[in-house]
Amino acid sequence: MMIPVRCFTCGNVIGEHWEEFKARAKEGDEDPAAVLDELGVDRHCCRRMMVSHTDLVDVVSPYQ
C-alpha cells in the first residue's frame with residue numbers, strides 16, 4: 001500500500017511508480033537512483049519521497 005500517492009512538496013503523482021521501484025530497488029537488486037532515472041522521476045523532492053518512504057502496512061500489521 002502506497003501511503004503518499006503524491007509528492008508532499010510539489011504535488012506530482014508518484015504512486016504509479018511505487019510498486020516497480022519497490023520491487024527493483026528496495027530488494028537490493030539495483031541502485032535506487034538508477035531505477036528512479038529509468039522511471040522518469042526527475043525532481044529531487046519526488047526522489048526523496050520514493051527513497052525515504054516505508055510501507056506502514058508491513059510494519060504495523062503482523063499478519064500478511
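**Exercise 1. The nonpolar surface patch**

Task: In this predicted model, determine which residues make the nonpolar surface patch of about 300 Å², and decide whether Val59 is buried or exposed.

Solution. Step one is to name the members of the patch, which are Leu56, Val59 and Val60. Step two places one of them along the chain: Val59 belongs to helix H4, which spans residues 56-60. Step three turns to accessibility, where the relative accessible area of Val59 is 59%; since exposed means over 50%, Val59 counts as exposed.

**Exercise 2. The aromatic pair**

Task: Find which rings form the one aromatic pair of the structure, and classify their geometry from the distance of the centres and the angle of the planes.

Solution. In general, a pair of aromatic rings is described by how far apart the centres lie and by the angle between the planes. The structure holds one aromatic pair, and its rings are those of Trp18 and Phe21, with centres 6.0 Å apart and planes at 45°. Because planes under 30 degrees apart count as stacked and those over 60 as edge-to-face, the angle of 45° makes the pair of Trp18 and Phe21 tilted. The next step is to locate the two residues, and both lie in helix H1 (residues 18-26), three residues apart, which is about one turn of the helix. Finally, their accessibility can be checked against the cut-off for buried, under 20%: Trp18 is buried at 2% relative accessibility, and Phe21 is likewise buried, at 1%.

**Exercise 3. The buried sides of H1 and H2**

Task: State which residues of H1 are buried and which residues of H2 are buried, and work out for each helix where they lie around the axis.

Solution. For H1, the buried residues are Trp18, Phe21, Arg24 and Ala25. They cover an arc of only 145° around the axis, so they lie on the same side of H1. The elements against which these buried residues of H1 pack are H2 and H3. Just after H1 comes Gly28, which takes a positive phi of about 90°.

For H2, the buried residues are Val35, Leu36 and Leu39. Their arc around the axis is only 95°, and they are therefore on the same side of H2. The cover over the buried residues of H2 includes H1 and H3. H2 is followed by Gly40, which has a positive phi near 85°.

**Exercise 4. The salt bridges**

Task: Which residues does Arg24 meet in salt bridges, and which residues are linked in a network?

Solution. As a starting point, side chains of opposite charge can pair when their charged atoms come close. The structure holds four salt bridges. One of them joins the side chains of Glu20 and Arg24, at 2.9 Å from N to O; these two residues are four apart in helix H1, and are thus separated by about one helical turn. Another joins Glu30 to Arg24, with an N to O distance of 2.9 Å. The accessibilities of the partners can then be set side by side: Glu20 is partly exposed at 40%, Glu30 is partly exposed at 32%, and Arg24 is buried, with a relative accessible area of 16%. The network of salt bridges links Glu20, Arg24, Glu30 and Glu38.

A further salt bridge is formed by the side chains of Asp37 and Arg47 (2.9 Å, N to O). This pair links distant parts of the chain, since Asp37 lies in helix H2 (residues 32-39) and Arg47 lies in helix H3 (residues 44-52), 10 residues apart. Arg47 counts as buried, because its relative accessibility is 19%.

**Exercise 5. Thr9 and its contacts**

Task: Establish where Thr9 is found, and which residues Thr9 touches when those up to four places away in sequence are not counted.

Solution. Thr9 is found in the segment before H1, and with a relative accessibility of 57% it counts as exposed. Leaving out residues up to four places away in sequence, Thr9 touches Cys45 and Arg48. The last step compares sequence with space: Thr9 and Cys46 are 37 residues apart along the chain, and their C-alpha atoms are separated by 7.9 Å.

Methods
Residues numbered from 1 in each chain as written. Predicted model: local features only at pLDDT ≥ 70, side-chain atom pairs only at ≥ 80, totals over all residues. Heavy atoms only, no water. Phe/Tyr/Trp six-rings, centres within 6.5 Å; stacked < 30°, edge-to-face > 60°. Buried < 20%, exposed > 50% of the residue type's maximum accessible area, 1.4 Å probe, protein only. Arc of directions from axis to C-beta. Contact = heavy atoms within 4.5 Å. Patch = residues over 30% accessible without salt bridge, like charges linked within 9 Å, V, L, I, M, F, W, Y side chains within 5 Å. Areas by Shrake-Rupley, 256 points an atom, 1.4 Å probe, with all protein chains shown as cover.
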